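Visitor: Please show me the sequence and the model, and then explain how the terms used for it are justified.

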Amino acid sequence: MKEMEEVPEVFGYDEIEVYPNPTFGVFHLFIPAETRSKTATYELFDTSGLLMLGSQLYADETEIDIGDLPAGVYVLKIINGDDVLSKMILKY
């Protein structure tokens with residue numbers, strides 16, 4: 001019988017918050033300083049894979065305004081050092 005391996009936590013996954021989601025235009029990305037690398041960035045893609053927004057993450061909380069983008073589903077990609085996390089964002 002094969003023993004189960006423990007899967008390491010992805011760079012404080014539980015500590016990363018995206019709210020409100022769904023949103024009408026502005027949402028917040030929260031990554032605490034002790035979890036965030038000096039080169040942490042985010043990228044926001046539409047469902048066709050087109051990069052819509054992106055920036056480096058300098059603070060614990062970043063306000064992201066997608067008010068000018070059409071309603072729909074977007075993919076928020078968070079790059080923190082060698083780790084990558086994706087979250088779906090729904091805009092009304």
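**Strands, sheets and burial**

Guide: In this predicted model, β2 and β5 form an antiparallel pair held by 5 bridges.

Visitor: What makes β2 and β5 a pair?

Guide: Two strands count as paired if at least two bridges are found between them. β2 and β5 have 5 bridges, so the criterion of at least two is met. Within this pairing, F30 stands opposite E61 in β5.

Visitor: How do you know that β1 pairs with β2?

Guide: The antiparallel strands β1 and β2 (residues 26-30) are joined by 3 bridges, and the requirement is at least two, so they pair. V18 stands opposite L29 in β2.

Visitor: Which order do the strands of this open sheet take?

Guide: The order is β1-β2-β5, with antiparallel pairing in an open sheet of 3 strands. Its edge strands are β1 (17-19) and β5 (61-65), each of which pairs on one side only. On average, neighbouring strands here are turned by 20° against each other, direction ignored.

Visitor: Which side chains of β5 are buried, and which are not?

Guide: Side chains alternate along β5: T62 and I64 point to one face and are buried, while E61, E63 and D65 point to the other and are not. Buried means under 20% relative accessible area. T62 and I64 therefore fall under 20%, and E61, E63 and D65 do not.

Visitor: What is the other sheet made of?

Guide: An open sheet of 4 strands has the order β4-β3-β6-β7, again with antiparallel pairing.

Visitor: Why are β4 and β7 said to stand at the edges?

Guide: β4 (51-56) and β7 (83-91) each have a single partner strand, so one side of each lacks a neighbour in the sheet. The average turn between neighbouring strands of this sheet is 15°, direction ignored.

Visitor: What makes β3 and β4 partners?

Guide: Strand β3 (residues 41-46) runs antiparallel to β4 and is joined to it by 5 bridges. At least two are needed, so the two strands qualify as a pair. The bridge partner of E43 in β4 is G54.

Visitor: How many helices and strands does the protein chain have?

Guide: The protein chain has 0 helices and 7 strands, giving the pattern β-β-β-β-β-β-β along the sequence.

Visitor: What share of the protein chain is buried?

Guide: Of the 92 residues, 34% are buried; the cut-off behind that word is under 20% relative accessible area. The protein chain exposes about 6,100 Å², with carbon and sulfur atoms supplying 54% of it.

Terms used: Residues are numbered from 1 along each chain as its sequence is written. This is a predicted model: local features need pLDDT of at least 70, side-chain atom pairs count only at pLDDT 80 or more; totals for chains, interfaces and linings use all residues. Side-chain values use heavy atoms; hydrogens and water are left out. Helices (H or I, at least four residues) and strands (E, at least two) are DSSP runs, numbered from the N terminus. Buried means under 20% relative accessible area, exposed over 50%, partly exposed in between (1.4 Å probe, protein chains only). Accessible areas come from the Shrake-Rupley method with a 1.4 Å probe; for residues, only the protein chains shown count as cover. Axes are lines fitted to C-alpha atoms, for helices over the stretch in contact, and angles run from 0 to 180 degrees between N-to-C directions.
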